[in-house]
Amino acid sequence: MEKAMRDFFLFLSKNRGMTKLAKRYGLRFGAKRFVAGETIDFAAEAIKDLNDQGLAVTIDYLGEFVDNEKEANEMADNCLIAIEEIGKRGLNSQLSLKLTSMGLDLNENVVMNNMRRILDKAQEHNVFITIDMEDYERCGKTIEIFKKLKREYDNIGTVIQAYLYRTEQDIRELNEYQPNLRLVKGAYKESPDVAFLEKKNVDENYKNIIRMHLENGNYTAIATHDDAIIEYTKQLVKEYNIPYNQFEFQMLFGIRNERQLELAAEGYKMRVYVPYGTDWYGYFMRRLAERPANVAFVLKGMFK
Ligand code: FDA
């Protein structure tokens, strides 16, 4: 049943018609729990509030299905505005983005130009940029672009998904770049040809890559709401004497807020991923897919 619900929401997340419709009607159906607002001003307020509670942030201007160069350039322009606001307001925030929204599906020149514009601006304001990881089809291309940009810029990292079979090899091959990586379980619907489907196997691979990347001496963001993985990391860093400035925990805005504060109070670096913008639909559906219990929020939201 849970798997059927997950597949259903992941299917909905790819619906272009709903994505367009949702943009027109504003944050609905309880999406406000997971999305900080539709404008940079709302996002900046949310960041300040989190910073005041001792939490670091990475901000994400939401965008799905970018079909042409103009849209990709506009997405990048919005990232530039966000970076300037972070600098101007002195916020403790990084920025996360998806390469498809920068033009990955169009051509490499568009995406590279947009990324260089963003990374230059980010360097000016001392902002770190993380390239989110999307579906398997785009994983190889994303890693190649990350490698190219990492040769030019220091302020860039990317995401590696524990559910993919290729991941262990990626961690090995990326080591020469000493990359700052965010490690996650993986949020897309993938085939058993390329990904573990069982939670047990994903968790095992997740622990494996956390250990590998930390042991290699690289900065590691452990982005999960799963207490078992958090506990594993705590034990590991103790056992291997990993300094607290070599890793951080990350969680999504609106999920396990109290746990976020507890980890920060225990002295761990805790970063919250804060999405904002009008294109909230796909992101929201992926969050519902992760935890069908959240559907209760949708039902409540419908009557607000
Ligand atoms: P898991 O799904 O096993 O959940 C463990 C426990 O956490 C649950 O039992 C529940 O208590 C709680 N929980 C999990 N999800 C919840 C929810 N939606 N609502 C309420 N409670 C919930 N993925 C990707 O493919 N590419 C990417 O770039 C990113 N980026 C990213 C950044 C950050 C900061 C985070 C935290 C996550 C991502 N992800 C991602 C998403 C990631 O791949 C994964 O889908 C989710 O984090 C859910 O998996 P967990 O590790 O939390 O464990």
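**Helix packing and core of the predicted model**

Helices α4 and α5 run roughly parallel to each other, a label that goes to angles under 35 degrees (over 145 would be roughly antiparallel, 65 to 115 roughly perpendicular, and the rest oblique). The angle between α4 (residues 69–89) and α5 (residues 108–124) is about 10 degrees, and their axes sit 9 Å apart. Here the axes are lines fitted to C-alpha atoms, for helices over the stretch in contact, with angles running from 0 to 180 degrees between N-to-C directions. On the α4 side the contact involves Glu69, Ala72, Asn73, Ala76, Cys79, Leu80 and Ile83, and on the α5 side Val110, Asn114, Arg117, Ile118, Lys121 and Ala122. Two residues are in contact if their C-beta atoms, placed from the backbone, lie within 7 Å. Sorted by type, the residues of this contact come out as eight nonpolar, two polar and three charged.

All of this rests on a predicted model, where local features need pLDDT of at least 70, side-chain atom pairs count only at pLDDT 80 or more, and totals for chains, interfaces and linings use all residues. Residue numbers start from 1 along each chain as its sequence is written.

Zooming out, the protein chain has 12 helices and eight strands, which are DSSP runs numbered from the N terminus (helices H or I, at least four residues; strands E, at least two). The radius of gyration is 18 Å, which agrees with the value near 19 Å for a compact globule of 304 residues; it is taken over C-alpha atoms, and the globule rule is 2.2 Å times the number of residues to the power 0.38. Of the contacts between residues at least 6 apart in sequence, 72% link residues at least 24 apart.

As for burial, 42% of the 304 residues count as buried, meaning 20 or more other C-beta atoms within 10 Å (12 or fewer is exposed, in between is partly exposed). Helix α11 (residues 281–290) is mostly covered, with eight of its 10 residues buried, among them Tyr281, Phe284 and Arg287.

The largest nonpolar core holds 80 residues, and Leu183 and Val274 touch the most other members. Helix α4 turns up here again, giving the most to this core with seven residues. Leu183 touches, among others, Ile160, Tyr206 and Ile222.

Thr39 lies in the loop between α2 and α3 and counts as exposed, with 12 C-beta neighbours inside 10 Å. The C-alpha atoms of Thr39 and Thr278 are 7.8 Å apart, although 239 residues separate the two along the chain.

Methods. Nonpolar A, V, L, I, M, F, W, Y, C, P; charged D, E, K, R; others polar. Core = buried A, V, L, I, M, F, W, Y, C linked by C-beta atoms within 7 Å. Lists of a residue's contacts leave out its neighbours within four places in sequence.
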